[in-house]
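Dear colleague,

I am passing on the structure we spoke about, with my notes underneath. Please read them with the coordinates open beside you.

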Amino acid sequence: MAKEKGGFWVGLAAAVFYPATALMARRRNEGAERVPRTGGALIVMNHVSHLDPVYDAVFTHKQGRVPHFLAKHSLWNVPVLGAVVKGARQIPVYRGTADAQQSLRAAHEALEQGLVVIIYPEGTITRDPDGWPMASRTGVARLALEHDVPVLPAARWGTREVYDHYRKKFRPLPRKTVVTKVGPPVDLDAYRARPQNLALLREVTDVLMNEVKDLLADIREEQAPDGFYTKKA
């Protein structure tokens, strides 16, 4: 299978991330064939560990696509890592600043250019003690509604067992298993026919994240809770 060309920095990241992720965890993937081999796509995922982007990048790259993440703009100032995320054309997120809307504009442009965009609508790793998704930001709904591209819900589980940020635990051994499951594209045609307002954006966001939550429940073989965890101040 021919891979989408990502350039020097994507190749360098792959050379580092492939063996690193394999060292820390086995992989099991379900529904990987749903990631389109060409054209734009929006992949909507849960977020449980700072290792998620590394594993999700490897997963997407193995499907022949170059992943483009929405990531905190502060990463662009980190030595070496900043050069990688810039060179790999990742999308900086400027929250709470005059540049906040520019983040979504860059994501819109990426989808228009036929790229794969991965978004974590929760905005940060979940604070739910049991690892279920939190209430999410509505930017994902804007991206999903305004582009005629597949909107794929996906869930990944196992990375928090390797690195749990809130408990400050890094446990690469014994090797864990990281599972990624991609669901079928979500049909949003009925929502696109309605006037876009805040209520619609919230509804679509919850529809997408409920799909993600259901996939996560399948992976975990557990009953998902009703609703979404609300982060306490």
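In what kind of crossing, left-handed or right-handed, does α1 pass α2? Before the answer, please keep in mind that this is a predicted model. The crossing of α1 past α2 is left-handed, and the residues that make the contact are Val-10, Ala-14, Phe-17, Tyr-18, Thr-21 and Met-24 on the α1 side, with Val-54, Tyr-55, Val-58, His-61 and Lys-62 on the α2 side. The axes of α1 and of helix α2, which covers residues 52-62, lie 9 Å apart and meet at an angle of about 110°. Since angles of 65 to 115 degrees count as roughly perpendicular, α1 and α2 are therefore described as roughly perpendicular to each other.

Helix α1 itself takes in residues 7-24, and its 18 residues, at 1.5 Å a residue, should span 26 Å, which agrees with the 26 Å between its end C-alpha atoms. The buried residues of α1 are Val-10, Ala-13, Ala-14, Thr-21 and Met-24.

As for the protein overall, its secondary structure comes to eight helices and nine strands, and of its 233 residues 50% are buried. If one takes the contacts between residues at least 6 apart in sequence, 76% of them join residues at least 24 apart.

Turning to the strands, β3 (residues 67-72) has five of its six residues buried, so this strand is largely enclosed by the rest of the structure. Strand β3 runs parallel to β5 (residues 116-119), to which three bridges join it, and within that pairing His-68 stands opposite Val-117 of β5. Three bridges also join β3 to β4 (residues 91-93), again in a parallel arrangement, and here Leu-70 has Ile-91 of β4 as its bridge partner.

Another residue to look at is Val-178, which lies in strand β9 and which, at 0% relative accessibility, counts as buried, because the cut-off for that class is under 20%. Leaving aside the neighbours within four places in sequence, Val-178 is in contact with Ala-25, Arg-26, Arg-27, Arg-28, Tyr-55, Arg-156, Trp-157, Gly-158 and Thr-159. One of these, Arg-156, is 22 residues away from Val-178 in sequence, while the two C-alpha atoms are 7.0 Å apart in space.

Finally, there are some points of backbone geometry that you may wish to look at in the coordinates. The peptide bond between Leu-173 and Pro-174 is cis, with omega at about -5°, and Pro-174 is found in the loop between β8 (169-170) and β9 (176-182). Lys-168, although it is not a glycine, has a positive phi of about 55°; this residue sits in the loop between β7 (163-164) and β8, and its relative accessible area of 61% makes it exposed. Glu-221 is likewise not a glycine and has a positive phi of about 55°; its place is in the segment after α8 (198-220), and with 73% relative accessibility Glu-221 counts as exposed.

With best regards

Notes. Residues are numbered from 1 along each chain as its sequence is written. This is a predicted model: local features need pLDDT of at least 70, side-chain atom pairs count only at pLDDT 80 or more; totals for chains, interfaces and linings use all residues. Side-chain values use heavy atoms; hydrogens and water are left out. Helices (H or I, at least four residues) and strands (E, at least two) are DSSP runs, numbered from the N terminus. The expected span of a helix is 1.5 Å times one less than its number of residues. Buried means under 20% relative accessible area, exposed over 50%, partly exposed in between (1.4 Å probe, protein chains only). Two strands pair if DSSP finds at least two bridges between them. Contact means heavy atoms within 4.5 Å. Axes are lines fitted to C-alpha atoms, for helices over the stretch in contact, and angles run from 0 to 180 degrees between N-to-C directions. Angles under 35 degrees count as roughly parallel, over 145 as roughly antiparallel, 65 to 115 as roughly perpendicular and the rest as oblique. A crossing is left-handed if the near helix is turned anticlockwise from the far one by less than a right angle, and right-handed if clockwise.
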